[in-house]
Each structure stands twice: as C-alpha cells, then as structure tokens.
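I opened this entry to look up charged side-chain pairs. My notes follow the structure.

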Amino acid sequence: FQAAFTLLLGPFTFFNVQKTKYLQIMTSLMRWIAFILMIILALIRISRGQAEGHPSMAQLSGIRNLFGVCVYSFMCQHSLPSLITPISKKKHVNKLVLLDYILILAFYSLLSFTAIYCFRNDTLMDMYTLNFTNCEIISVAFIRYFLGLFPVFTISTNFPIIAVTLRNNWKTLFHREGGTYPWVVDRIVFPAITLIPPVLVAFCTHDLESLVGITGAYAGNGIQYLIPAFLAYCSRKDTQLVFGSGTVNKHLSPFRHSFWIVFVLIWGFSCFVFVTANIVLSESKL
C-alpha cells in the first residue's frame, strides 16, 4: 500500500500542482462530514449509556505528545493568507478571524471530549477515525468504510500540494542571487529530497503517537514559536526602514509590544528543554 501510494502520488512532487480550488473544496467538505459524523456517533453512544471512557484529570507523561498535537492544531494558521487575502475591506478582519478560530476550537473541543468519554484510553487508536470501523459502534458499512478511509482521502489530496510547497521552499532556501539551477538539480534533486524522507519514515515506523510527539516537540517548536517570533521581529524592523518610524498601522496587533516576542522565544526554549527532559526520563525508565 505504501508503494502504491508513493507511485501514484509521488510523481506529483516533480510537477506543479495548479488549479486546486475544487480539490480543496472537496477535501474541506469531506473533513466537515467526517468530523460531524464522529461527534454525532460518539454522542449517540454516550447517550445510550455505552460510554467506556473515564479519563483522569491529568497525565504528566502525555505532555510530550501534547506539544505535538498542539503543533498540528496550529497548522490551521497556514490557512490565514488564503482567508485574509481575498478580503478587499479589512476593517472587520480581526473579528472574522476570531470567529473562524472560535469555530475551529469548538470542533476540536467537541471531537476531543466526545472521544475521551466515549472510548477507553487503552482502546483509543492513534488514528481516531479507526475507532469507528468496528461494526459494534456503527452498523452502517458505508459510514464505517468512509471514516476508516478518511485519512487516506485527505492525505491523498494534501500530499501533492504540501510536497510541491516544500520543494519550492528548498529552491528558495538554496537560491543563488542571479543564478539558476541545472536541470538535474531543479527537476530531480529537489523533488527527490522532498519525497524520499517521508517515504523512509513511513516505512520505518507505524507508531504515530511517538512520531507526532517527536516531530511536534522539535520541528514543530520551531514552526510554531521560534520562526514566527523572528519573522515578526524582522518584519517590524523592515517596516520601520521602508515606511519610517512615524507611520501608524491601523491594523496593529494587540500583541505589538516587543515583550511578546521575547516571551514567545523564552516559552519555545522552555518547551524544548521540558520535552527533551521528558523523553530522556521516559527512555531511561524503559
């Protein structure tokens, strides 16, 4: 299956993916349907007295994976440009974005809380949709197969887009001023270094929980905290040089003070140290 996935979707990394409007609409629609179905099914099971979950108040051992999940939840931020750019009058953009994130938070909360009360902790699978493939949970075969295959549908539509974006980021990272890449480097090397690592990782492990925890704790820490903080700092300096220090931006963030940049950097470093200590202590116990 992994070989089939690589052979079918891997070649997209070597080309440009354009006109993805309908692809994104279809993916978003499937996500809404899947989320609503899982929430409703879990609520029905809880209302019938078949709930098995008795979650503890807190588990310190889950902190590492908490950071990983937070980073993947943070990925909803990557949709901000596509949400804000088409808006011609940005007078109420802050309220619109706030409403959007309240909606996201509501869905995450509903999905999480219905899950932990519906299923026992030891039976919850890393891929939550797989919990609904059991005929005891839902007897309708179509819904069971739809939820079971939902990750395949979303990954199949997102993988080419994300892979092409990463490939272009590689090109930008190694870009030489006034220079061009040889054909082999441009069309073979960059797509290859984009495609090969995820294929190797998928081949070497199927422990999704540990994978999410480690990637979220380290790479995600930089993506979520460190890089945005440095970008905010550098962009503010660049704005002052271009427009002058006396220019007033009517769309200023409530977190415009430099204190927040320092706070985020300290928080990111603290998360890095805390998660590393947690991983070391967990491995030493094993």
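I count a residue as buried when its relative accessible area is under 20%, as exposed when that area is over 50%, and as partly exposed in between. The model is predicted.

Entry one, the total. I looked for salt bridges and found three in the structure. As a general note, side chains of opposite charge can pair when their charged atoms come close.

Entry two, Arg45 and Glu52. I found their side chains joined in a salt bridge, 3.2 Å from N to O. Is Arg45 buried or exposed? Arg45 has a relative accessible area of 11%, and the cut-off for buried is under 20%, so I logged Arg45 as buried. Glu52 comes out at 28%, which makes it partly exposed.

Entry three, Arg120 and Glu52. I noted a salt bridge between these side chains at 3.7 Å, N to O. Which parts of the chain does this pair link? Arg120 sits in the loop between helix H5 (93-118) and helix H6 (141-173), and Glu52 in the loop between helix H2 (21-47) and helix H3 (63-74). The two residues are 68 residues apart, and I logged the parts they link as distant. Arg120 is partly exposed at 38% relative accessibility. I therefore drew Arg45, Glu52 and Arg120 as a network linked by salt bridges.

Entry four, Asp186 and Lys171. Their side chains form a salt bridge at 3.0 Å, N to O. Asp186 belongs to helix H7 (residues 183-204) and Lys171 to helix H6, so the pair ties together parts 15 residues apart in sequence. I logged Asp186 as partly exposed at 21% relative accessibility, and Lys171 as buried at 18%.

Technical notes
Residues numbered from 1 in each chain as written. Predicted model: local features only at pLDDT ≥ 70, side-chain atom pairs only at ≥ 80, totals over all residues. Heavy atoms only, no water. Buried < 20%, exposed > 50% of the residue type's maximum accessible area, 1.4 Å probe, protein only. Helix = DSSP H or I, 4+ residues; strand = E, 2+ residues; numbered from the N terminus.
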